[in-house]
Amino acid sequence: MLTLRAVTKRYATGDLALNDIHLSLPRGQVMALIGPSGAGKSTLIRCVNRLVEPSSGSIELEGTDLTGLSVGRLREVRRVMAMIFQEYALVDRLTVMENVLSGRLGYVGFWRSFLRRYPQADVVEAFRLLERVGLAHALDKRADALSGGQRQRVGIARALLQDPRLLLVDEPTASLDPKTSRQIMRLIRELCAERDLAAIINIHDVALARQFADRIVGLRAGEIVFDGTPAELDAEILTTIYGEEDWGSVEGDEEGTADDSTPANTTPAPLLAVGGER
Amino acid sequence: MSAPRERLAEQGEWRRLPFIGDARLRWLLALGVLLYLVLALASISVNWARVAEGMSRGLNFLAAFAQPDFVSRRSDIVNGLLESLTMTLTSTVIGVALAIPVGLGAARNISPLPIYLVCRGIITVSRTFQEIIIAILFVVMFGFGPLAGMITLAFATIGFMAKLLAEDIEDLDWRQVEAVRATGASWWQTINHAVQPQVMPRLIGLSMYRLDINFRESAVIGIVGAGGIGATLNTSISRYEYDTSAAILLIIIAIVLLCEYCSSHVRRWTQ
């Protein structure tokens, strides 16, 4: 559904962030994008929804070329690709419900959003999503009153309210503790399966990438150096991506997290429990 | 250069790097500033006889504070005050309303370059001239009275508010803006959903602050004929009715204090 051809991004400072990227993502696939800091992971997903303008190349989503779209058309395309951010990027001074409903901004007119008079169906769906991520009780709380994990859930609900077909996820777990990280990744994974969403997930944590992605792409200095299944990712490839290091601990970690994922298959409910947080 | 410092640090000898590296230049600069200060102070000629004479007049003025006269010019004072308060409120409201679009335009991160330059230009013009100079111009244009005063204060408010608002917008948390833009929001929706929530507390705080600046300024520009309590004050001083002047000044102080108290409350409440 998403195809990148020869995408290159050179920043005004002269830094080459992406160099000739070719990538194709089928419907419903969850792809993890790994690589060292500064490898261009964030730039890549920001080029897709054009928060960053690619310097050259083409990006095609379901047959539409995204580069060179007019402002109005870009708005329509952005609706179908929702983004989830590192450090949540909620609007701190708005309430949880306002933040979630802002996922509909691409669909409603200015005055409706200005007066916060969203269509009833949107409000129903927003509340259903808040229930789904376990935050229905926080409806009218200000976003900055929530804990990290709770904020990321609001971010996920906002993204899903856009009714997207593609999720762009930028370091969803970078500011979360290991347990919350796993819960958030599992939630994203489940929601992708439920709604048949494709996702590109930038992630630093190789063990999490292995555990939750269908496919892993390794980026180094703006170029793709690995593209394969989690099983194919071994110490040698990690060295290609990140450089020389003792990778034994990461592979050991994988076993530790494997049993962590088993209860989720049987009982998805515990991950929605928020009592332990804050 | 760094090697000897490292060797000294090894022995526990370490000093913070000086702001100006060259020791000779550092001392020369300090000496130069001191010399200039001494020469500049020496160039001020003081007429001590005049000061001695003026002291007693000044004391008279201060003594009047012990017996302020609120009564004999009561209606003048009340009229002046009402005029000033009206001027203050209307000019603040109009000024802030006009400053918001200018401020948005003057924030480099959300405005295209041509609009940015125009809005920065408006701010510069408004901030270059002190209120009194603008007031003199408007008094010439619109005649004596509070209309000139109101326009002066509104004009000064635009420069002040727009500049500070633009700076606040330039400092805002860009991730929140990105997140709202990524949902497919239009420019106005982004302003309303991502920018406004972030700058609103400061906008309200600054408006309250500007309200009490405008009240104080209204007393000053009255002296050049722009109406309000300043005009009343000016009249009383030129008639040597220091007791009435004292009463007016006390009222101004009380109102400014009241404004200050209210605005700090409002600011805390909007955080």
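This is a short walk through two chains, A and B, and how some of their helices pack.

Before I start, this is a predicted model, where local features need pLDDT of at least 70, side-chain atom pairs count only at pLDDT 80 or more, and totals for chains, interfaces and linings use all residues. Residues are numbered from 1 along each chain as its sequence is written, and chains are lettered from A and ligands numbered from 1 in the order in which they are written.

Okay, chain B. We've got 11 helices and zero strands here; helices (H or I, at least four residues) and strands (E, at least two) are DSSP runs, numbered from the N terminus. Its radius of gyration, taken over C-alpha atoms, is 26 Å, well over the 18 Å that the globule rule (2.2 Å times the number of residues to the power 0.38) gives for 271 residues, so chain B is more spread out than a compact globule. The C-alpha trace spans about 80 × 60 × 35 Å along its principal axes. And 35% of those 271 residues are buried, meaning 20 or more other C-beta atoms, placed from the backbone, lie within 10 Å of the residue's own.

Now, how do H6(B) and H7(B) sit together? Their axes, lines fitted to C-alpha atoms over the stretch in contact, come within 8 Å and cross at roughly 140°, on a scale from 0 to 180 degrees between N-to-C directions. That makes the two helices oblique (not under 35 degrees, not over 145, and not 65 to 115). On the H6(B) side, the contact (C-beta atoms within 7 Å, placed from the backbone) includes Phe138(B) and Phe142(B). From H7(B), Phe155(B) is one of the residues taking part.

Over in chain A, H5(A), residues 120–132, and H6(A), residues 148–161, come within 9 Å and cross at roughly 145°. Glu125(A), Ala126(A), Leu129(A) and Leu130(A) of H5(A) meet Ala157(A), Leu160(A) and Leu161(A) of H6(A).

Then there's H1(A), residues 41–48. Seven of its eight residues are buried, so the rest of the structure largely encloses this helix. Lys41(A) and Arg46(A) are among the buried ones. Just after H1(A), Arg50(A) takes a positive phi of about 55°.

Last thing, where the chains meet. Chain B puts in 18 residues and chain A puts in 21. On the chain B side, the elements giving two or more residues are H8 (174–182) and H9 (187–221).

Terms used
A residue is buried if 20 or more other C-beta atoms lie within 10 Å of its own, exposed if 12 or fewer, and partly exposed in between; C-beta atoms are placed from the backbone.
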